[in-house]
Structures are given as structure tokens and as C-alpha cells.
Amino acid sequence: MIDSVNIFPLVHMRGITKRFGSVSVLEDVNFELLAGETHVLAGENGAGKSTLIKILAGVHTDFTGRIEIEGVQVRPRNPLEADALGIAIIHQELSLIDPMSVADNLFLGRMRTNAGFVCRRKQEDEARGWLNRLDIDIDVRRRVEEFPIATRQCIEIAKALSRQAKAIVMDEPTSALSEPEVERLFEMIDQVTGQGCGVVYISHKMEEIERVADRITVLRDGKRVGTAPAPELPAAELIHWMVGRPVKDRHARSSSHAAGKRLLLDHVSVHSNGRDRKTVVNDISLELRRGEVVGLGGLQGSGASELLLALFGGFGEIRGRIEIDGRPYFASSPRKAIDRGIALLTNDRKGSGLVCPLSVAANITMASLRNFTRFGWRQNGRETAAARQAATMLQIQSASLDMPVEALSGGNQQKVAMAKWLQTDPGVLLLDEPTRGIDVGAKQEIYERIEQWTAAGISILLITSEMPELLALSDRIIVLHRGTVTAEFERCAATADAVLGAAMGH
Amino acid sequence: MRRPNSSTSALAALNTPAGRALIALAIVMVFGILFNADGAFFKAGTHRDAFRQASVYGILACGMTLVIVTAGIDLAVGSVLALSAVCCAKMSIHWGWSPGWVICATVLVGAGSGLISGGVTARLGVQPFIATLAMMVFARGLAKYVAGGMKVSTAVQQPDGTYEFVDVPTLFRMIDTRVFAGNVSVVTLIFLGCVAIAYVALAYHRWGRELYAIGGNEEAARLSGVPVTLSKTLAYVACGAFAAIAGICQAAQEQQGDPEAGAGYELIAIAMVVIGGTNLMGGRGGLGLTLLGVLTIGYLEKILSINAVPEAARLMLTGVIIIVAVMTQRRSRT
């Protein structure tokens with residue numbers, strides 16, 4: 001006998017249309033989430049995925065179309081109402097309150113109280129219970145900000161579960177996670193769907209989609225391309241649906257351009273500043289040749305990101321001998337680094353990469369503004385011309401260069417960040433997660449750029465959490481585990497298994 | 001991109017910070033026309049006075065804009081104004097310095113105060129609110145110390161204890177006058193000059209761009225090689241220098257250096273900047289907006305005063321109107 005609840009899908013969005021001014025971002029989109037399934041929502045950046053989710057979450061309320069939850073028509077007018085309907089959204093940007101404890105975060109807005117006073121003990125016990133269900137063992141009395149992003153994300157998922165969510169939407173949940181953490185997340189998803197919840201999963205990572213998807217819905221330019229069970233939609237076909245054009249082999253780099261020494265690290269260590277002086281990177285030696293891509297492999301906490309920041313003069317204290325083009329280099333400040341031809345693309349576009357309220361053009365010339373000034377006065381014409389040229393070269397899609405960069409999609413923002421560094425004419429590019437949170441097409445473009453830049457003699461130190469990307473782009477791979485080099489591979493000798501093994505410290 | 005037709009683009013223009021600031025100003029002016037106090041609002045003298053009375057605040061608002069763009073705040077400008085007014089009066093009345101030297105020295109005093117609070121903020125990482133709050137208290141004390149606990153006026157105490165009146169110094173007479181057939185006050189010209197200087201620096205100089213970058217995302221600015229400490233400190237230095245200019249104007253208009261002057265002026269300056277639409281979170285805004293904010297509050301005060309609204313009601317009304325104006329400035333979340 002069929003339970004009456006199961007006749008209807010958990011969530012059914014019908015004919016959703018949404019416009020921002022005169023621009024229509026969603027056109028007659030249907031989306032259906034069944035209980036117990038993981039439904040991947042795929043599409044390039046700007047395809048309308050986030051907008052669709054925001055409508056479900058009650059963020060956007062001026063749309064046309066219907067939403068039904070278990071057959072009952074609803075229209076969440078704000079995120080609180082969506083929450084009460086059992087819809088939980090786990091965003092790219094986490095919604096935890098950093099200076100509050102884990103337990104307080106879990107019970108935010110529905111505190112366990114006795115006569116108005118918060119029962120801390122009870123909250124902490126319950127919080128521990130929810131976290132234990134996800135195999136997370138942390139001190140729930142500690143503040144959220146003390147934990148790494150991966151743990152915070154787990155806390156966020158525990159929070160959703162504790163709110164009895166029926167439909168959990170995960171928007172790029174793995175962008176900050178390392179490989180084993182991702183696997184644990186997937187186990188969590190399996191567990192959650194096994195309990196009858198539905199999971200909407202948004203991701204750009206093909207392996208993840210292949211791993212978790214029961215069904216896949218693809219959006220393109222605000223329209224639904226189609227929905228298919230995952231086994232009927234192999235990777236190539238899925239990409240085809242998403243981009244509407246064939247994408248070339250993801251392995252862009254064919255041959256190495258390596259020649260001549262560019263950057264030399266000789267027994268370099270990095271220590272964090274502050275009271276708890278920790279050794280983040282311990283005794284690394286490496287040589288980066290002209291036009292070479294060296295991939296830094298490693299999981300969360302490997303110290304690779306800190307190494308790049310420290311090389312750029314933006315983090316802690318760096319010890320050891322460093323040479324650029326045979327001359328000694330002291331990483332003391334980003335300005336010095338830029339002057340010596342180093343550029344750093346940080347792994348956090350909004351946090352440390354771009355100045356969001358400023359225009360596209362201002363961001364592009366941010367690091368090279370001196371070249372566009374005379375006696376300190378900006379030369380607007382030259383600046384705009386340079387920005388326009390860079391925007392054309394990197395195919396930045398922006399209605400105008402005077403638009404604030406926050407109005408662009410993730411992929412285009414990333415291109416702006418890259419354009420900024422190309423303006424400084426770098427010899428060494430430090431790329432930290434250059435393709436994080438951007439769509440397949442933009443990724444492909446960035447791979448092509450990397451190929452071009454190395455051909456032009458630019459040397460690249462690359463960090464990426466996507467194993468195929470690391471294997472495909474790197475001429476050599478150096479693997480770090482907790483700040484120490486555990487393995488070094490030549491391009492031909494590197495395999496995913498070996499790199500991951502070394503990264504995990506085997 | 002589709003080119004929007006003219007009516008929608010006009011509407012879109014009104015939905016920018018500048019557009020909303022203009023609407024606020026326009027509403028105030030309409031009130032002025034409706035409650036014109038038997039035609040007093042239409043007299044040139046009324047407008048001249050509105051500008052003159054807003055000028056000292058407006059000069060403070062120029063410097064305040066530079067600081068607020070960096071996501072900072074300077075609470076010390078009122079006290080620095082008093083300190084500068086006292087120093088300026090001391091130098092020109094008691095010591096008889098020539099106007100040029102007095103102006104230079106006074107601006108240095110203001111810039112020095114800004115250097116200290118800016119340095120404490122940018123270099124030592126103390127929150128701007130706290131650093132400038134400390135400077136606000138300190139500068140007030142210093143002003144009283146320099147003035148010797150009383151106003152520095154043209155009544156100069158002689159060695160034998162008697163008071164003798166000296167001439168009003170040239171500097172004061174130069175500033176406290178009108179030009180263009182008596183239609184424009186000199187302080188108004190000074191104010192407009194300050195607006196122009198701050199505008200050009202913010203809009204066309206590398207430093208101005210750096211201030212926006214720092215306010216928009218300090219970490220990104222730092223990692224782009226922007227000299228964050230220096231640029232930020234200079235914003236407070238400039239703010240102090242503008243406060244000193246305001247102090248000179250204040251001293252000239254009162255013909256004395258009052259160590260109690262300028263109390264609460266910092267809040268009016270902040271209100272003017274914010275009503276214009278410059279965001280306290282930094283990275284957005286500009287001098288053009290501040291000019292609109294200055295005019296809005298300036299005219300509001302003038303209209304209330306020509307209608308003989310009692311001070312109690314005037315203050316309450318001003319408070320309400322500040323909130324209403326800032327509410328209209330709030331960006332809708334996208």
C-alpha cells in the first residue's frame with residue numbers, strides 16, 4: 001500500500017519564472033524532489049540554480065509559478081517560513097555565527113529554555129547527540145570560529161538535521177573540503193536520504209555528481225534543459241546539456257614548457273604569527289622552472305595555502321633561502337612580492353581576492369595602479385583601455401566595466417581576479433584553487449589560459465582540491481602532509497591513488 | 001545588452017545613492033517653498049546664510065567622507081576644530097602672526113592630531129571608534145590647556161591684570177566677510193574649495209582609489225600591494241587638516257578661539273555624510289553625495305529656523321528626519 005505522503009513529491013516547483021528588472025533569470029522551470037533521493041541541480045554559473053534555490057528558501061518572493069510541498073501549495077515569504085516548512089539550505093557561505101558556541105549555533109532561534117533561561121547543559125547534550133549522528137566528535141562549547149571550515153560545514157549540516165529538515169539543499173558544499181571530508185559528507189548524505197529526506201545537491205565537480213546523484217536536473221540560461229536519472233546521463237552528455245556546446249578534453253595541457261630556473265626554495269619553513277607560533281610548513285625545498293607548473297597536493301591543513309601566502313609576504317614568518325631568477329628574495333610584503341614579479345590568486349575571491357563594491361575596471365588595475373598614474377593622478381583613459389583589453393582577452397562577460405564586481409557571476413569574478421594579476425606582468429603565478437566554484441566552461445577557459453601563460457614563460461605554483469585537475473595541469477606534483485613534503489611525482493608517474501596516499505601521510 | 005528606454009533609465013538613475021540623496025534634498029526644498037515664512041525663503045540672503053551656516057559642518061564632512069570610505073570613523077573632528085580655533089586665535093591675536101603662517105601652523109596642528117589617531121588605528125590596529133574617541137577627549141583637553149581655561153578673544157589680559165581690546169586680526173576679517181557684491185560668504189567659498197579638493201583626491205588620485213579598496217575589502221587591498229597602513233593613516237591626517245580649516249573658519253566667525261566650540265559637530269558631520277549615501281561599511285560613496293547631504297541638513301536647519309520653530313522641536317525634528325533620510329538611502333538587498 002502506498003502511503004499518502006509518498007504519492008506527492010517532497011518538493012514540487014512548477015512553472016517558476018523570475019525576473020530581475022527586465023532580465024529574466026528563470027523561465028518556466030519545473031523541479032521535483034522526491035523523498036529519499038539525491039537530486040543534483042547542475043548548470044553553469046548564471047544558469048539560475050541559485051535563484052531557484054533562493055525562491056524555495058523564501059529569499060526571493062516575487063516570482064510566478066507554484067511550489068508544492070508534499071502536495072500542499074505553499075509560498076514561503078521569508079527564510080523563516082521556509083525553515084518551518086522543512087527546507088534547509090546549506091550555502092556556499094556558511095550561516096553560522098562565528099563567535100558563538102557550536103551548541104548555541106545549533107539552537108539559534110529555538111533555544112532550549114526553562115522559564116526564559118537558557119538550559120546550556122541540555123542544549124550541549126542535544127547538540128552532541130546530533131553531531132555524533134554524523135560521527136563528529138568536537139567540543140560543542142567551543143566557538144565556531146575556532147574550527148576549520150570543513151568542520152563548520154558539518155556543524156551546519158547537523159544544524160539542518162536538528163531542525164527536522166525534510167529537504168536539504170546543499171549549494172557547493174564541498175568547495176572547502178578535502179577528499180576524506182568529502183567522502184564523509186557523502187556518507188552523511190546517504191544516511192540522510194535513507195531516513196526519507198530529499199537532498200538537492202548543487203556542484204560543479206563531476207566526480208561528486210557521479211558519486212551522489214540519483215537524478216540530475218540541468219538548467220541552462222534560466223531554462224530547464226531536462227531531468228534524467230543519473231545512470232542515463234554520463235559525464236560527457238551532462239556537460240553537453242550544461243554548456244550546450246561540446247567541451248574539449250578536460251586534460252588541457254599536452255606538453256611541458258619547462259626551461260631554466262625561476263624560483264628556488266631552499267629549506268623553507270613558515271611559522272604563523274601571534275601567540276601560538278605554529279610551524280605551518282616545515283623545511284620544504286623546491287625548484288620551479290620557467291614555464292613549469294608545479295602542483296602542490298595536499299588535504300586541508302597541509303600548509304600549501306599558507307606557503308603561497310607566506311611566499312607572497314602576506315602571512316606569518318618565512319625562513320630559509322629563496323631565490324627568484326638567481327637573486328635572493330625576502331618575502332616581507334605583498335608590494336615587494338609584486339615588484340619581484342610574484343602574483344597570488346587567493347582561494348577566497350570575496351574574502352581576499354576582490355574588492356566587491358568597486359568596479360570591474362578598478363579591480364583589474366588594483367595591483368598595478370602605479371602603472372596608470374602620473375604623479376599619483378590616475379589616468380582614466382589608459383586605465384580603462386587596459387581594463388578593456390584584459391576583459392576582452394579573458395572574455396570577462398560584464399555589461400560594463402564600471403559595474404561593481406559583486407554583480408558578476410563567480411566565473412567572471414575569478415577572471416577579473418586573474419586579469420588583475422596579469423596586469424602586474426608576473427613571472428611567478430601562485431594559484432590557489434583557481435577554479436573553485438566556477439562552471440565547466442569557465443574552468444576550461446582557465447585551463448587554456450594556464451597553457452598560454454606557461455608557453456609565455458610564466459611559472460605556476462598550483463593548489464587545487466580537484467584531483468583530476470591537479471594531475472592534468474601539473475608538470476610535477478609535490479605532496480604536503482601537515483606542512484611536510486611526503487612525496488614528489490613527475491607528471492607521468494603521478495596517479496590519483498599515489499597522490500592521495502601521500503597527502504594522507506601514508 | 002538591451003538599451004533601456006529613457007523613462008526607465010531616468011527611474012534607474014533616481015534609484016542610485018545620488019538619486020535618493022537628490023530626492024531627500026528636493027523634499028526639504030519643497031518644504032522650504034511651502035513653509036516659506038512669508039517669503040523669507042525666497043530671499044537671496046536666506047540661501048546665503050543657509051550655505052554659510054552649513055559651511056563649517058560641511059568642511060568637517062569632507063574629511064569625514066574620506067575616513068568613512070575606508071570603513072572608519074573620526075569622532076575627534078569637533079574637538080580638533082576647537083583645538084585649531086584656539087591655536088589659530090592665539091597665534092593671530094596674541095602673537096600677531098601673519099595670516100599665511102597662522103593657516104599653515106593651524107592646519108599642521110589638525111593634521112598632527114589626525115596623524116596620531118590615524119596611526120593608532122592603522123598601525124596599532126585599534127578600532128577607529130576607540131582611537132578617535134580617545135583623541136576627541138585628548139584634543140578637547142589640549143584645547144582648554146592652550147586657551148588657559150578661557151576663550152581666546154580680542155580682550156587680551158595685560159601684565160597688570162587689566163584687559164585691553166586689540167584689533168580683530170586680518171585673518172579673521174578676511175574670512176568673516178562676503179564677496180561678489182555681498183552675495184557669497186567667504187566661508188562658503190572655503191567649504192566649496194574643500195569639497196573640490198577632497199573630491200578630486202577621492203575620484204582621481206591613486207590614494208582615493210586605495211581608500212575605496214581598503215574600505216571595500218582591506219584584506220584584498222593588502223594582498224594587491226596597496227599600502228594599507230599609509231593610505232589609511234593619511235585619511236585621518238586629511239580629516240584632521242579639514243577639521244583645522246573648519247576651526248579657522250569658526251574662530252574667524254566668532255572672532256575668538258573657544259575651547260568649548262565644536263562639541264557634537266562630529267555627529268552632524270557624520271549625519272551629513274550618511275544622508276548623502278556614503279556607506280558606513282566603507283567602499284561606497286563619495287564627495288558629491290556628501291555635498292548633497294550637507295545641503296540637505298543645512299537647508300533643513302535654515303527652514304526650521306526661519307519658521308521660528310523652537311530649538312527643542314528643531315532638534316527632535318532633525319533627529320527624525322535623519323532617520324527617514326537614511327532609511328531611504330538603504331540599499332535594497334539583492
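In which order do the six strands of the open sheet that includes β6 of chain A stand? I looked this up first and found β6-β9-β10-β3-β11-β12, with mixed pairing. I noted two terms: strands are DSSP runs of E with at least two residues, helices are runs of H or I with at least four, both numbered from the N terminus, and two strands pair if DSSP finds at least two bridges between them.

**Ground rules.** I am reading a predicted model, where local features need pLDDT of at least 70, side-chain atom pairs count only at pLDDT 80 or more, and totals for chains, interfaces and linings use all residues. Residues are numbered from 1 along each chain as its sequence is written, while chains are lettered from A and ligands numbered from 1 in the order in which they are written.

**Confidence.** I checked chain B: its mean pLDDT (the predictor's confidence in each residue, from 0 to 100) is 89, and 96% of its residues reach 70 or more. For the complex I found an ipTM of 0.83 and a pTM of 0.77.

**Back to that sheet.** I saw β6 (87-90) and β12 (223-229) of chain A at the edges; each has a single partner strand, so one side of each lacks a neighbour in the sheet. I followed β12(A) to its partner β11 (residues 215-220) of chain A, and the two pair in the antiparallel sense over six bridges. There I spotted A:Arg215 opposite A:Pro229. Helix α2 (residues 49-56) of chain A lies across β3, β6, β9, β10 and β11 of chain A, at about 150 degrees to β9(A). For such angles, axes are lines fitted to C-alpha atoms, for helices over the stretch in contact, and values run from 0 to 180 degrees between N-to-C directions.

**Another sheet.** I found six strands of chain A in an open, mixed sheet ordered β18-β21-β22-β15-β23-β24. Its edge strands are β18 (342-345) and β24 (484-490) of chain A. I traced β21 (residues 428-432) of chain A running parallel to β22 (residues 459-463) of chain A, joined by five bridges. In β22(A), A:Ser459 is the bridge partner of A:Val428.

**Where the chains meet.** I found 21 residues of chain B in contact (C-beta atoms, placed from the backbone, within 7 Å) with 25 residues of chain A. On the chain B side, α9(B) gives the most, with six residues. I sorted that side into nine nonpolar, six polar and six charged residues. Here Ala, Val, Leu, Ile, Met, Phe, Trp, Tyr, Cys and Pro count as nonpolar, Asp, Glu, Lys and Arg as charged, and the others, Gly among them, as polar.

Note on methods:
Two residues are in contact if their C-beta atoms, placed from the backbone, lie within 7 Å.
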